[in-house]
Amino acid sequence: MSDALTRQLGKPVLRIDGVAKVTGAARYPSDEPVRNPVFAYLIVSRIARGRIESFDLAASRAVPGVIEILTHENVGGDFAPPMGPDGKATTTTLESDQVWHAGQIIGIVLAATFEAAREAAQRAVVSYAEEAPSATFDSPGVTIQPHKPEKGPDPKKGDAAAAFAAAAFKVDAHYSTPTQHHNPIELFSVTCAWTGGKLTIYEPTQFMWGTKASVARQLRVDADDVRAISRFIGGAFGSKGPNPRTQWIARAAQRVGRPVKLVPTRDQGFTIGTHRAETRQHLQLGAAADGRLVSLFHEGWEVTSRPSPYNVAGVESTARMYACPNIETAVNVVHADRATPGFMRAPPETPYMFALESAMDELAQALKMDPVELRRVNDTQTDPVDGKPFSSRSLMKCFDQAAARFGWSRRNATPGATRDGDWLVGMGCATACYPSNLGPAAARVALTADGKASVQIAGHEIGTGAYTTVAIIAAGALGLKPQDVTVTMGDSNLPPLMIAGGSNNAASASLVVAKACEQIRARIAEGQTGRIEAYAENVPQGLPSSAVADMEKGKPSMLSGSGRKDVTAFAFGAHFVELGVHRLTREVRVRRVVSAFAAGTIVNELAAHSQFMGGTIWGLSAALHEETEIDVKAARYVNNNLADYLVPVNADIPDIEIIMVPETDERVNALGIKGIGEIGIVGMNAAVANAVFNATGVRIRALPIRAEKLLQGLA
Ligand code: MOS
C-alpha cells in the first residue's frame, strides 16, 4: 500500500486552496466574524527591567468608548504561569508588577473601537521603579549557565582537545549571529468569544491542540471547554503557537461579556512574539593533511530572558554532519533582560550550521583543498556521535548535482582573483541539513459512493500547502483526484496533529491519513458499499503509545526523530552561491544560486519547489540583511518596523535554481517523507560568507554581512 502510494507522489499539484486565497474567500483568524466585538489595544512596557509603581489611567478612561482597562492591579494574582515555547517557565505579562523586558504587555485597553482603545493606551501614564537592564552578551549583569540538555549529555566522543592539539591543520575561530524577528505579514492577532462557559479562540497558531491545552491550563478550565480555530495562517515559521497572551484576551472577554478582538501593531510584534536569539559560537576543527577531520569542538552561547532556559543547541546537528573520531560540544545560556526567544525556521541549524560550514570553508582554505572535496572525504553513512546508520544520506549527490549545474569547476580558488569590471566575484558553497521529525497524529476520512472523500485533521496551513498535501495523500491512497478530496483543518475539534514545527507535519499527517485510507480500502475489499468512514491514529516509534490520547488530554507531546534507537534521520542539501562585491562601495550583490536537496519522498513537486526556494531566499536574507538592532543601554529594539528591519526585495534575489535529488528512504518512515519546510534556509548564510571570502579574501564571521564590515581589509 505505502509503496504503491509513494510511487504516485511527487507530481506538481496546484493548491486546492489557491482560489480561496487569491479571491479573499480564505478566512484568516482575524477575519472570522464575531458578534458585537470589543477591541483591545496593548499597553507595553517602556522599561526593560524593574517594577511598575503605579498607573495613572484617568485620561485613558476619559476617552469616549473605553469600556475597561486591565492591568496587574485588577487581573493579576490568580493565574497559572505561562509556558515558553519549550514548555518551561517564561516571562510573565499581566500577572504582577514585574517587568522582564521592554515591550512587555502591562495593560490591555478594551473599547468600542480600535481607535478609542489605541488613544486610551497612548494616554496611559505608567510610573516605574526602573533598574539598569542587561541587554545582551557583554552587558554587565547577565548571568551565564551551561544549558541542561534534555536528550542526554551534549554530543561527545573521544578526546577532542588532545586531537586538536596534535592536528596537522587547524581552524580555531569565533562566529556570531544576530537577533532576528519573524515579521509575518499577518500580525499576532487573537479573538476570544465565550458562549455559555465555552471559549472559542480565533488565533493563528501552528499547534491547534497546543493552543487549546495551554489556554485551558492557564485559565484553569477544562480543555473540553476550549476550542481553537485557525483555518489559514498568514506566515508562522515558529512564531505562532501557544503563548502567554491568549489567556488575557480570553479573560478580557469574560469580564466584558462580549467577544474581544486584538490585532497588535507591527512594533509590538517584536516584543510580544518570539524571536531568533543572538548566538556566539566557538569552533575548533582539526584535520589531517588529506582533509579528514580528527577533531571537532563546537560551543555555543545563546541569549534568553531572565527566567527562561530556552536554547536551541544546534550542536546536536553539527556534531553529526561529518565523520570525526573526536567530538566535543557545549551550549551555554546567557540570561538578560529580554523577552524569551523562540522558534524561527530551522531554529538550531540556521545559526549553528553557519559556524560549522564557515569553519569547513576556512579549513579547506588552510588545506588548499576544494571545499566540495573536503565534504566528500568527510562524508559518512554513519552518525559519527553514536554510530547509528543514517536512514539515508545523499549529501554528496546534492553537492555533485548542484556543483555541475552551477559550474563550480570554473571557480578560481584564489580569493580576490576574479574581477568583472568594478565587481569582485566569488563563489561559495555549504551543506544544508535538517533532522527528520515525526509527531503523533489522528485523522478521520470518509469516502462516499460518488467517489468523493473528506479528511478531517487538526492540521495547520501556515502557507506550506498543507491542505493540498493531505488531499494528495488521500487521493493517492483512494484512487481519486486531489480535487475530489475535501480537507478540513485548523480546528482543535478535529483529530489532533502535532505542532507544525520541526518540519514534521507533512510526514505526520500523510502517514495517519494514509492509514485511515487503508482501512477504507480494506472495507471496500470486504464488500462494504455506501459511505465508509475510518479513524486512524499514528504514534511514531520512540514515543509512548498514549501520545495521541495525551495530546487530547492537554499534555504536551513531542517529536520523535532524535529519539530513535535504530537510525539517525536527516534530510541533506547543498547550496552554491555566486556573488559580486563592489570594489569601492563594498555592496554585496548575489548573482546566482543553485541549491540541491534530497529529502526523501516529495509529496507535491510544486509546493516543495516553493518551500526550498523560500528557505533559500530567507537564507540569503539572514546572511546579508536581517538583524534586529538593540540599544544596549535601554535593552530596546531600535528597528522594530519593516522600514528599518531589512528584508530582501525582488532586486536582491537573483535567479535561484532548485534541484530535487530523488531519494528513496525506506527507514525514515513508511512513506519515506523527510520534511522540507526548514532545510532550505540552513547553510545558505555560510555559503554567502564563503563566497564573500572567495570574492574578497575577507572572512566575515559575524552576520549579517553588510558593506561596513567589508570596508576593512579590501584593497
Ligand atoms: Mo519551525 S521554526 O519548527 O515552525
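The exercises below, each with a worked solution, concern a predicted model.

**Exercise 1.** Work out what span helix 15 should have at 1.5 Å a residue, and find how far apart its end C-alpha atoms are.

*Solution.* Begin with the extent of the helix: helix 15 covers residues 505-525, which makes 21 residues. The expected span is 1.5 Å times one less than the number of residues, and for helix 15 this gives 30 Å. The end C-alpha atoms of helix 15 are 30 Å apart, which agrees with the expected span. Looking just past the helix, one finds that helix 15 is followed by Gly 527, which has a positive phi, near 100°.

**Exercise 2.** Identify buried residues of helix 15, and state which elements they pack against.

*Solution.* Among the buried residues of helix 15 are Asn 505, Ala 509, Val 512, Val 513, Ala 516 and Ile 520. The buried residues of this helix pack against two groups of elements, namely helix 1 (2-8) and helix 14 (466-478) on the one hand, and strand 21 (441-447), strand 22 (453-456) and strand 24 (532-538) on the other.

**Exercise 3.** Decide why helix 8 can be called largely enclosed by the rest of the structure.

*Solution.* A residue counts as buried when its relative accessible area is under 20%. In helix 8 (residues 246-256), nine of the eleven residues are buried, and therefore the helix is largely enclosed by the rest of the structure. The buried residues include Trp 248, Ile 249, Arg 251 and Val 256. Just after helix 8 comes Gly 257, with a positive phi of about 65°.

**Exercise 4.** Describe the salt bridges of Arg 589 with Glu 587 and with Asp 652, and say whether each of these residues is buried or partly exposed.

*Solution.* The side chain of Arg 589 meets that of Glu 587 at 3.6 Å, N to O, while the closest N and O atoms of Arg 589 and Asp 652 are 3.3 Å apart. The pair of Asp 652 and Arg 589 links distant parts of the chain, 63 residues apart, since Asp 652 lies in the loop between strand 28 and strand 29, whereas Arg 589 belongs to strand 26 (residues 588-598). Turning to accessibility, Arg 589 is partly exposed at 26% and Glu 587 is partly exposed at 34%, but Asp 652 is buried, with a relative accessible area of 18%.

How values were computed: Residues numbered from 1 in each chain as written. Predicted model: local features only at pLDDT ≥ 70, side-chain atom pairs only at ≥ 80, totals over all residues. Heavy atoms only, no water. Helix = DSSP H or I, 4+ residues; strand = E, 2+ residues; numbered from the N terminus. Buried < 20%, exposed > 50% of the residue type's maximum accessible area, 1.4 Å probe, protein only. Contact = heavy atoms within 4.5 Å. Salt bridge = Lys/Arg side-chain N within 4 Å of Asp/Glu carboxyl O.
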